[in-house]
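Here is a colleague's note on one helix pair and a few charged contacts. Please read it with the coordinates open.

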Amino acid sequence: MALHVPKAPGFAQMLKDGAKHFSGLEEAVYRNIQACKELAQTTRTAYGPNGMNKMVINHVEKLFVTNDAATILRELEVQHPAAKMIVMASHMQEQEVGDGTNFVLVFAGALLELAEELLRIGLSVSEAISIFPDSGNFNVDNIRVCKILGSGIHSSSVLHGMVFKKETEGDVTSVKDAKIAVYSCPFDGMITETKGTVLIKTAEELMNFSKGEENLMDAQVKAIAGTGANVIVTGGKVADMALHYANKYNIMLVRLNSKWDLRRLCKTVGATALPRLTPPVLEEMGHCDSVYLSEVGDTQVIVFKHEKDDGAISTIVLRGSTDNLMDDIERAVDDGVNTFKVLTRDKRLVPGGGATEIELAKQITSYGETCPGLEQYAIKKFAEAFEAIPRALAENSGVKANEVISKLYAVHQEGNKSVGLDIEAEVPAVKDMLEAGILDTYLGKYWAIKLATNAAVTVLRVDQIIMAKPAGGPKPPSGKKDWDDDQND
């Protein structure tokens, strides 16, 4: 009979065997801070125009070469619970603004690093965090990106309408003044909902049965053509017989497999997707100036084009020599579109290049000097954290960060609030960001500072880590999440 070994008294005796428990500054707080600092350090070298690229190979062995922090974090699948809080803050920045994710990471890492200094000199956690603060209708989905391999970036173009990497199903490849009927069902004969059996005794009955099916399909396509529709877009398969009659009545036939593409096309041309092959009424048909099959490089594309600029959706056709390059350009386009969306909500802009951060640091430091008590240390460290942004820009540009920051402080003390780092100079230099046209959105900065500060405070408030024993049994599959979601097809 095995002896029962009693557990040591304390918190551990309340947990199951195999559970882990960490508490206090050394075990919990400093460990969490260290994990977040390591994460921030990883993406810090990718910050700014001169940031380095990261090569990331995700769980399905897909290669990413990028300096976009949102993409890096999404593919890394960070597991540490404290670092996950910082990652969630950057994801919130991506959803709220669409850009500035690396700013959140760098700033949150700097806040935690300086908070650690305060904790090590004897301040309590509550004293260390005492300073930390607790119009538009533009839809980014209206800007589509179509990536076509070949040529160069300068061959990219913008088109009012939609572009699909598809070929037409029938013989008609170009239509002017297109009237478009959109169907979410297959372009095929109607199938009964219940199974039936047909008993055929003679060859003549067999011929009549086939002829009846042909006549029905002929009547359906003829009725659609009779409404004036000269383009049919279907979301399902195309039967050979239906294709024959579409060619007979000179109708262009396009097949889109993705229901999302079908919805966007309906929005672009003003059509309604019909669930059955019934003749559309005038209000259900869409209109487009031209629909045609074209060849870009060696890729066949179908273009739904509006001549006027007032279409609901536009497409940016990206060209590039490699898939990785086009993926990176697509992320840059996405950032630009999101910036435009932010500007429709708030048109205010602030100087870039570290000018805003240095001015904030200067003014917060001045405020901290007027505050009595221990909270002035937290205020000054909070101000010092803003230096991490121009410091990262300087280091990534290959110049001495300390020299740049001292020059920035000197110029800002003279009242030049819009002066930031000149990343094009080979030596530490500064210049006016307003004159250079280097600006950041006010909302982007506001949300980045707010989210980074909240994430840092959340990490610092954790003084105990309790990890239950992992459950037994087989592990769940680690494949792609939402594998049946074709939103990104």
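The points below take the helix packing and then the salt bridges.

1. The model is predicted, and side-chain atom pairs count only at pLDDT 80 or more. The residue pairs named below should be read with that in mind.

2. Helix H10 covers residues 355-369 and helix H11 covers residues 375-385. Their axes lie 8 Å apart and make an angle of about 175°. Angles over 145 degrees count as roughly antiparallel, and H10 and H11 are therefore roughly antiparallel to each other.

3. On the H10 side, the contact with H11 is made by Ala-361, Ile-364, Thr-365, Tyr-367, Gly-368 and Glu-369. H11 contributes Gln-376, Ile-379, Lys-380, Phe-382 and Ala-383. By class, the residues of this contact are six nonpolar, three polar and two charged.

4. How many salt bridges does the structure hold? The count is 20. Points 5 to 8 describe some of them.

5. One of the salt bridges joins the side chains of Asp-218 and Lys-248, with an N to O distance of 3.6 Å. Asp-218 belongs to helix H6 (residues 203-226) and Lys-248 to helix H7 (residues 240-248), so this pair ties together parts that are 30 residues apart in sequence. Are the two partners buried or partly exposed? Asp-218 has 16% relative accessibility and counts as buried, because the cut-off for that class is under 20%. Lys-248, at 48%, counts as partly exposed.

6. Within helix H10, Glu-359 pairs with Lys-362 in a salt bridge whose closest N and O atoms are 3.7 Å apart. The two residues are three apart in H10, which means that about one helical turn separates them. Glu-359 and Lys-362 are both buried.

7. Helix H11 also holds a salt bridge between residues three apart, namely Glu-384 and Lys-381. The closest N and O atoms of this pair are 3.6 Å apart. About one helical turn lies between Glu-384 and Lys-381. With 32% relative accessibility, Glu-384 counts as partly exposed.

8. Which residues are linked with Lys-381 and Glu-384 in a network of salt bridges? The network includes Glu-117 as well as Lys-381 and Glu-384. Any check of the H11 pair in point 7 should take Glu-117 into account, since these residues are linked in that network.

Notes
Residues numbered from 1 in each chain as written. Predicted model: local features only at pLDDT ≥ 70, side-chain atom pairs only at ≥ 80, totals over all residues. Heavy atoms only, no water. Axes fitted to C-alpha atoms, helices over the stretch in contact; angles between N-to-C directions. Helix = DSSP H or I, 4+ residues; strand = E, 2+ residues; numbered from the N terminus. Parallel < 35°, antiparallel > 145°, perpendicular 65-115°, else oblique. Contact = heavy atoms within 4.5 Å. Nonpolar A, V, L, I, M, F, W, Y, C, P; charged D, E, K, R; others polar. Salt bridge = Lys/Arg side-chain N within 4 Å of Asp/Glu carboxyl O. Buried < 20%, exposed > 50% of the residue type's maximum accessible area, 1.4 Å probe, protein only.
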